Every structure is written in C-alpha cells, then in structure tokens.
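The exercises below are meant to be worked with the sequence and the 3D view side by side. Try each task before reading the solution that follows it.

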Amino acid sequence: LFVYLVRLLSDSQILPMLTLGLLSLTVQIRSGFDHHLAFAGMVPSMLIKVFLAAILVFKATQCISNLRRQFLTVCGGMMYFLAMSTYEFSFFLFPLLLISYQLGSEKMLNRNTHKSFLKWIDRLILGIFEKNFRPILYSWLCYGFLIFGVLRNLAKDISGSYELGLSLDSIGVFISQIFTGIPLIYFF
C-alpha cells in the first residue's frame with residue numbers, strides 16, 4: 001500500500017520501485033524480543049489503515065462527481081479514525097493525508113507546483129479547511145478531543161497513560177534513540 005501511495009503521489013514509475021527496494025533494505029529484524037512484535041500486528045494494521053485513508057483521499061480529489069468525492073473522503077475519514085483508534089501514533093500522521101489531498105488536488109487542476117515551495121506550503125495549510133478535506137479534519141479533531149479532552153481527564157493518578165510532559169531523564173533517552181532507525185544499528 002505504501003508503494004502504491006508513492007506511485008499515486010509521485011506519478012513516477014521508477015520512484016515506487018526504488019521505494020520498494022529501500023524498504024526491503026531498511027527493515028530491521030531483531031534476534032531477541034521485539035516490542036513491536038509483542039503488539040501482534042497493531043503497527044502494521046495501523047499503517048494499512050492510514051495508507052488506505054491517504055489513498056482514498058487522493059482518489060477523492062480525482063473524482064468529477066461531488067457525491068462520489070464526498071463518499072470517498074468520508075470513507076477516508078472513517079478509515080483514519082479507525083487507524084487512530086488502533087494505535088495513537090497515527091494521530092501524528094495527519095500531514096500524510098493532507099499532503100495526499102494537496103498533491104491530488106494539484107494533479108487534478110494541473111497546477112505547476114515548482115514555482116515556490118513556500119507558496120505550496122501556504123496552499124497545503126489552507127487545504128485543511130477545504131470542504132472536501134473536512135471529514136479527515138473532523139475525524140482528527142474528534143479523536144484529539146476524545147483522547148485529550150475526555151480520556152485524559154478520566155485517567156486516575158496511578159495511570160500515566162495520558163500524562164504529557166518532559167523531564168531531564170527523557171532527554172537522555174531521546175538522544176540515545178535518535179539513531180535507532182538506521183539499518184543494522186542493532187548490531188552495534
């Protein structure tokens with residue numbers, strides 16, 4: 001799904017194949033206990049839902065029919081809400097859906113995006129408020145309200161699940177984890 005999304009967004013034949021090759025090189029397999037495997041597919045399930053939502057949003061921008069476009073964005077919004085409900089990390093993948101929407105809209109309108117990067121960022125940010133993107137925005141806002149407005153207030157003192165904050169200890173952990181995404185770094 002990720003390679004297909006890259007294909008849609010880039011409109012290239014070579015970049016998706018290069019992405020597929022790089023994905024196979026950067027997958028990290030650990031010999032001991034892997035905390036991601038302990039979640040029994042939760043992360044892959046979340047990514048599948050996020051990529052499906054991004055594909056639906058992109059496909060919605062390519063529709064001429066308003067009814068079909070709205071249907072696809074509502075389905076994309078529901079899929080994104082399911083992804084956030086699967087694993088909270090997808091809350092931070094909101095820009096992926098926004099970029100998918102923006103690139104799809106520009107492709108449909110045949111806009112030249114190579115003039116200015118800052119103008120493109122301006123259009124990207126304004127795209128959040130477009131009518132066809134609202135189902136994605138509403139699902140993101142509803143989930144944020146549910147987690148930070150409702151569940152965080154219901155969390156008891158013994159549960160640190162919804163506590164946000166930084167401490168001096170977290171800085172050391174952050175620095176030690178910066179390079180963990182580098183392939184084969186596990187062996188060092």
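**Exercise 1. How many aromatic pairs does the count come to?**

Solution. The model is a predicted one, and the ring pairs are found by asking which ring centres lie within 6.5 Å. By this rule the count comes to nine aromatic pairs.

As a next step, take the rings of Phe 91 and Phe 92, whose centres are 5.7 Å apart and whose planes stand at 85 degrees. Since planes over 60 degrees apart count as edge-to-face, the pair Phe 91 and Phe 92 is edge-to-face. The two residues can then be placed by accessibility: Phe 91 is buried, with a relative accessible area of 14%, whereas Phe 92 counts as exposed at 58%.

Now turn to Tyr 101 and Phe 133, an aromatic pair with 5.2 Å from centre to centre and 50 degrees between the planes, which makes it tilted. Tyr 101 belongs to helix H6 and Phe 133 to the loop between H7 and H8, so this pair ties together parts that are 32 residues apart in sequence. Tyr 101 is buried at 3% relative accessibility, and Phe 133 is buried at 0%.

Finally, follow the ring pairs from residue to residue: they link a cluster whose members include Phe 81, Phe 91, Phe 92, Tyr 101, Phe 133 and Trp 140.

**Exercise 2. Describe the fold in outline, and then locate the largest nonpolar core.**

Solution. Begin with the elements: the protein has nine helices and zero strands. Of its 188 residues, 28% are buried. Among contacts between residues at least 6 apart in sequence, 69% join residues at least 24 apart. The accessible surface comes to about 12,800 Å², and 70% of it belongs to carbon and sulfur atoms.

Next, consider the core itself. In soluble globular proteins, nonpolar side chains tend to be buried together. The largest nonpolar core here has 28 residues, and those that touch the most other members are Met 46, Val 50, Tyr 80, Phe 94, Leu 97, Phe 133 and Ile 136. At least two residues of this core come from each of helix H1 (2-10), helix H4 (42-61), helix H5 (66-86), H6, helix H7 (117-126) and helix H8 (134-154). H4 gives the most to this core, with nine residues.

As a last step, examine Leu 97 on its own. Leaving aside neighbours within four places in sequence, Leu 97 is in contact with Val 50, Ala 53, Ala 54, Val 57, Tyr 80, Phe 133 and Ile 136.

**Exercise 3. Set Glu 106 beside Ser 24: is each residue buried or exposed, and what does each side chain reach?**

Solution. Start with Glu 106, which lies in helix H6 (residues 94-109). Because buried means under 20% relative accessible area, Glu 106 is buried, with a value of 3%. The side chain of Glu 106 is joined to the side chain of Gln 102 by a polar contact of 2.8 Å.

Ser 24 is found in helix H2 (residues 14-26). Because exposed means over 50%, Ser 24 counts as exposed at 54% relative accessibility. Its side chain reaches the backbone oxygen of Gly 21 at 2.7 Å.

To conclude, Glu 106 is buried, whereas Ser 24 is exposed; the partner of Glu 106 is the side chain of Gln 102, whereas that of Ser 24 is the backbone oxygen of Gly 21.

Terms used:
Residues are numbered from 1 along each chain as its sequence is written. This is a predicted model: local features need pLDDT of at least 70, side-chain atom pairs count only at pLDDT 80 or more; totals for chains, interfaces and linings use all residues. Side-chain values use heavy atoms; hydrogens and water are left out. Helices (H or I, at least four residues) and strands (E, at least two) are DSSP runs, numbered from the N terminus. Buried means under 20% relative accessible area, exposed over 50%, partly exposed in between (1.4 Å probe, protein chains only). Contact means heavy atoms within 4.5 Å. Accessible areas come from the Shrake-Rupley method with a 1.4 Å probe; for residues, only the protein chains shown count as cover. A polar contact is a pair of N or O atoms within 3.5 Å; within protein, one must be able to donate a hydrogen and the other to accept it, and residues adjacent in sequence count only if both atoms are side-chain atoms. A nonpolar core is a set of buried Ala, Val, Leu, Ile, Met, Phe, Trp, Tyr and Cys residues joined through side-chain atoms within 4.5 Å. Rings of Phe, Tyr and Trp (its six-membered ring) pair if their centres lie within 6.5 Å; planes under 30 degrees apart count as stacked, over 60 as edge-to-face and the rest as tilted.
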